[in-house]
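Student: I am new to this structure and would like a close look at a single part of it. Please pick one spot, stay with it for a while, and then work outwards from there.

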Amino acid sequence: MLAYFQEKTELLEEATQEKTLSIYKLIMDGEPGGQIIIALLFVLLAVALYIYFERFFAIKAASNVDKNFMNQIKDHITGGKLESAKALCTNTNTPTARLIGKGISRIGKPLEDINKAIENAGKLEVYQLEKNVSVLATIAGAAPMIGFLGTVIGMIVAIHEIANAGGQIDIKMLSDGLYTAMTTTVAGLIVGIIAYISYNHLVVRTDKVVYQMEAKSVEFLDLLNEPV
């Protein structure tokens, strides 16, 4: 009875091994050109993930503004404590606080000059928020094309083998080219999809921060327009 179960177990293990598809083996069985393309796609994936997480935490930090921040700014300005308001903006160290700080430093000048200074500072802050995000968009578009380049290389290899076979076509002979074609396509699409989703997620979060900056800037300008 024990021997029977051992035999069944060995048969099950063999069947499982036969059904298991090793991605690593597929890559290694492909052409060297395909392996180079796969390595390049892994580098692009690493770059995309690094940019995504670095920007994600930077944008998250930029969006954290104390709900009482504008109330404190209003109290300082109405009380004539401009230095205290500037110190508050400096210590808060967020894009919104830096915009308000720029506006406070221009108090006493025409409102149009204050508004222009805030707009210019806002452009710089948006540039900092969007730093390297465009690289994700580039990877999202380039990765599938690089994968398709591997597909073309793999098909060329397969056709070359057919041409040199002299009528003796063997599927195993074509396997290297087919492995290259399929693995590079899949890898390119995976990297492209990840980069595309990451890019759009960062764009949405950046837009929220920009909206927050605009809303607080308008609130600050309205505060300056209030009658004393």
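Tutor: Let's start where the side chains of E125 and R98 meet in a salt bridge, with N and O 2.7 Å apart. The term salt bridge stands for a side-chain nitrogen of Lys or Arg within 4 Å of a carboxyl oxygen of Asp or Glu. This pair links distant parts of the chain, since E125 sits in helix α7 and R98 in helix α6, 27 residues apart. Helices here are DSSP runs (H or I, at least four residues), strands are runs of E with at least two residues, and both are numbered from the N terminus.

Before going on, a word on what you are looking at. This is a predicted model, in which local features need pLDDT of at least 70 and side-chain atom pairs count only at pLDDT 80 or more, while totals for chains, interfaces and linings use all residues. Residues are numbered from 1 along each chain as its sequence is written, and side-chain values use heavy atoms, with hydrogens and water left out.

Back to our pair. E125 counts as buried because its relative accessibility is 11%, whereas R98 is partly exposed at 35%. Buried means under 20% relative accessible area, exposed means over 50%, and partly exposed lies in between (1.4 Å probe, protein chains only).

The helix that carries R98 deserves a look of its own. Eight of the eleven residues of α6 are buried, so this helix is mostly covered. Among these buried residues are L99, I100 and I104, along with P95 and G101.

Helix α6 (residues 95-105) also has a companion in α4 (residues 69-78): their axes come within 12 Å and cross at roughly 15°. The axes are lines fitted to C-alpha atoms, for helices over the stretch in contact, and the angles run from 0 to 180 degrees between N-to-C directions. α4 and α6 are therefore roughly parallel to each other, a label for angles under 35 degrees. Their crossing is right-handed, meaning that the near helix is turned clockwise from the far one by less than a right angle.

Just ahead of this helix, in the loop between α5 (82-92) and α6, you will find N93. Its phi is near 55°, a positive value in a residue other than glycine. Most residues other than glycine have a negative phi. N93 counts as exposed, with 51% relative accessibility. A similar spot to visit is N132, in the loop between α7 (111-129) and α8. N132 is not a glycine either, and its phi is positive at about 70°; with 39% relative accessibility, N132 is partly exposed.

Now for the other salt bridges, since the structure holds three. In one of them K86 pairs with E83, the closest N and O atoms being 3.8 Å apart. These two are three residues apart in helix α5, so about one helical turn separates them. K86 is partly exposed at 29%, and E83 is exposed at 56%. In another, R55 and E54 meet at 2.8 Å from N to O. Here R55 is buried, with a relative accessible area of 5%, while E54 is partly exposed at 30%.

Finally, step back to the whole chain. It has nine helices and zero strands, and buried residues make up 34% of its 228 residues.

Conventions
Angles under 35 degrees count as roughly parallel, over 145 as roughly antiparallel, 65 to 115 as roughly perpendicular and the rest as oblique.
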